[in-house]
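User: I'm new to this structure and would like a close look at one part of it: how its helices pack against each other. Please start there and then place that part in the rest of the chain.

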Amino acid sequence: MRWSFQLARIAGIDVKIHATFFLLLAWFGYVHYRAGGASAAVMGVVFVCLVFVCVLLHEFGHALAARRYGIKTPDITLLPIGGVARLEKMPDNPFQEVVVALAGPAVNVVIAFLLWAVLGLAGNMPDLMMLQEAHIPLPVKLLFVNITLVIFNLIPAFPMDGGRILRALLAMRMDYARATHIAATTGQVIAVGFLFVGLTGNPMFILIAVFVFFGAQNEAAFADLKSASTGMRVATAMVTQYQALPVSATCNEAVEALLRTSQHDFPIIDEADQVCGVLTRDDLIVALRKSGPETPVADVMRVDVPSVHYAMHFDRAFAVMQESGSPALPVLDSAGRLIGLFTTENVGELMMVKSALDKNRRGGPHRLALPPPLPTR
């Protein structure tokens with residue numbers, strides 16, 4: 001995720017924090033400073049940090065549960081609206097998806113129970129009336145925050161845990177894509193409710209409504225893609241007729257290739273024919289405006305673009321593309337050599353063709369002529 005940087009690495013998972021998170025800290029510090037001075041500002045910032053420690057533990061609950069089923073989590077990113085554990089994929093087994101989804105809220109239940117036990121032993125057993133007090137003890141605040149996190153995350157709306165649980169329960173009785181659409185529609189209806197609540201005076205609910213609505217929409221779209229691409233590999237959708245540019249090329253040479261071919265994005269290779277980056281059309285245009293046509297492509301190309309293996313599952317490669325933010329990924333064979341490009345444009349065209357053939361089944365059996373798998377070299 002862009003504008004994020006690594007904070008730590010725990011249990012083999014990169015913990016990242018988004019730059020906008022500091023805006024949240026600044027806002028809480030400012031509000032508390034206005035209310036009670038410097039000491040109140042410090043306590044406000046400390047409270048927010050502790051809340052996000054609970055959020056981080058929640059995400060680790062998901063990650064460690066997924067690891068039990070052989071699913072890795074490359075990183076967890078903290079955002080102002082919560083945390084995101086980037087699992088390589090969700091489990092295909094609905095029961096396993098329920099376990100992974102429940103693992104996060106279960107962590108908050110454990111934290112809340114421990115805080116409740118500590119407060120009880122100290123003789124400070126909290127009650128709901130304490131929420132009306134001006135100065136609420138920090139442990140009591142954290143207790144109620146964790147209870148709120150459990151309740152909020154179990155609301156049956158994508159992309160929250162409750163939405164995934166609902167989808168998994170439905171998927172036990174029906175097609176995965178249909179189950180996702182029902183869960184996504186439920187989430188969008190709930191998002192509209194959040195929007196109305198936000199319009200009555202709580203702007204935070206407007207942000208949550210937008211997050212839930214579009215999160216549900218994206219989940220439904222990805223489910224359609226996954227359903228349509230079942231069994232497909234990267235080799236099915238990759239571009240095999242492409243032009244690569246040497247790392248010594250200039251933007252002027254890239255422009256010539258752009259105009260001469262129908263290609264929008266170019267893999268950049270070094271003297272050993274190894275991929276060292278990708279030059280996108282958008283980045284090329286920006287470079288032409290800022291520094292001119294003689295700019296080396298090495299100064300413009302994206303060097304953090306991941307490559308994919310030609311035998312990788314289609315939906316997994318598409319998820320990698322989304323995470324990278326690059327419109328094209330280099331495709332490598334088993335020897336690490338460049339053999340194609342996996343692009344958003346080609347993916348879209350393939351899905352349109354496959355969808356058209358699926359809708360025309362009444363006219364007789366149709367079979368999409370897919371290229372045979374490439375041999376392992």
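Analyst: Let's settle one word before anything else: contact here means heavy atoms within 4.5 Å. Keep in mind, too, that you're looking at a predicted model.

With that in hand, start at helix α4 (residues 161–171) and helix α5 (residues 176–199), whose axes come within 8 Å and cross at roughly 145°. The crossing of α4 and α5 is right-handed. On the α4 side, the residues that meet the other helix are G163, L166, R167, L170 and A171. Facing them from α5 are Y176, A179, T180, I182, A183 and T186.

While you're at α4, pick out R164, which also sits in that helix. Is R164 buried or exposed? Its relative accessibility is 16%, so R164 counts as buried, since the cut-off for buried is under 20%. If you skip residues up to four places away in sequence, R164 touches M90, E97, A101, F158, P159 and E219. One of those partners, E97, falls inside the stretch of α2 (94–121).

That makes α2 a handy next stop, together with α3 (138–153). How do their axes lie? The axes of α2 and α3 come within 9 Å and cross at roughly 155°. Angles over 145 degrees count as roughly antiparallel, which is why α2 and α3 are described that way. Their crossing is left-handed. It takes a good list of residues to make this contact: P105, N108, V109, I111, A112, L115, W116 and L119 from α2, and P139, V140, L142, L143, N146, I147, L149, V150 and N153 from α3.

N146 is worth a pause. It belongs to helix α3, and with a relative accessibility of 0% it counts as buried. Leaving out residues up to four places away in sequence, N146 touches C54, N108, I111, A112 and L115. N108, I111, A112 and L115 are also among the α2 residues that make the helix contact.

There's a third pair to compare with these: helix α8 (residues 251–260) and helix α9 (residues 281–291). Their axes come within 11 Å and cross at roughly 135°. An angle like that falls outside the parallel, antiparallel and perpendicular ranges, so α8 and α9 are oblique to each other. α8 passes α9 in a left-handed crossing. The meeting residues are C251, A254, V255 and L258 in α8, with R281, L284, A287 and L288 in α9.

C251 leads to the cysteines. C251 is buried, at a relative accessible area of 0%, whereas C49 is partly exposed at 33%. As for disulfides, a pair of cysteine sulfur atoms has to be within 2.5 Å, and the count comes to zero.

Now step back to the nonpolar cores. The largest one has 36 residues, and F52 and L87 have the most contacts inside it. β2 (13–18), α1 (21–68), β3 (75–79), α2 and α3 each supply at least two of its residues. Which element gives the largest share? That's α1, with 14 residues. Setting aside neighbours within four places in sequence, F52 is in contact with F21, L24, L78, L79, P80 and G82. Another core lies apart from this one, and it has 22 residues, including L225, L329, V331 and M351.

Further along the chain there's E323, in helix α10 (residues 314–324). E323 is partly exposed, with a relative accessible area of 39%. Its C-alpha atom is 9.0 Å from that of R86, although the two residues are 237 apart along the chain.

Two loop residues catch the eye as well. Most residues other than glycine have a negative phi. A11 is not a glycine, yet its phi is positive, at about 55°. A11 lies in the loop between β1 (4–10) and β2, and is partly exposed at 45%. D273 has a positive phi near 65°, and its loop runs between β6 (266–269) and β7 (275–279).

Finally, the whole chain: there are 11 helices and 10 strands, and buried residues make up 42% of the 377 residues. Of the contacts with a separation of 6 or more, 59% are between residues 24 or more positions apart.

How values were computed. Residues are numbered from 1 along each chain as its sequence is written. This is a predicted model: local features need pLDDT of at least 70, side-chain atom pairs count only at pLDDT 80 or more; totals for chains, interfaces and linings use all residues. Side-chain values use heavy atoms; hydrogens and water are left out. Helices (H or I, at least four residues) and strands (E, at least two) are DSSP runs, numbered from the N terminus. Buried means under 20% relative accessible area, exposed over 50%, partly exposed in between (1.4 Å probe, protein chains only). A nonpolar core is a set of buried Ala, Val, Leu, Ile, Met, Phe, Trp, Tyr and Cys residues joined through side-chain atoms within 4.5 Å. Axes are lines fitted to C-alpha atoms, for helices over the stretch in contact, and angles run from 0 to 180 degrees between N-to-C directions. Angles under 35 degrees count as roughly parallel, over 145 as roughly antiparallel, 65 to 115 as roughly perpendicular and the rest as oblique. A crossing is left-handed if the near helix is turned anticlockwise from the far one by less than a right angle, and right-handed if clockwise.
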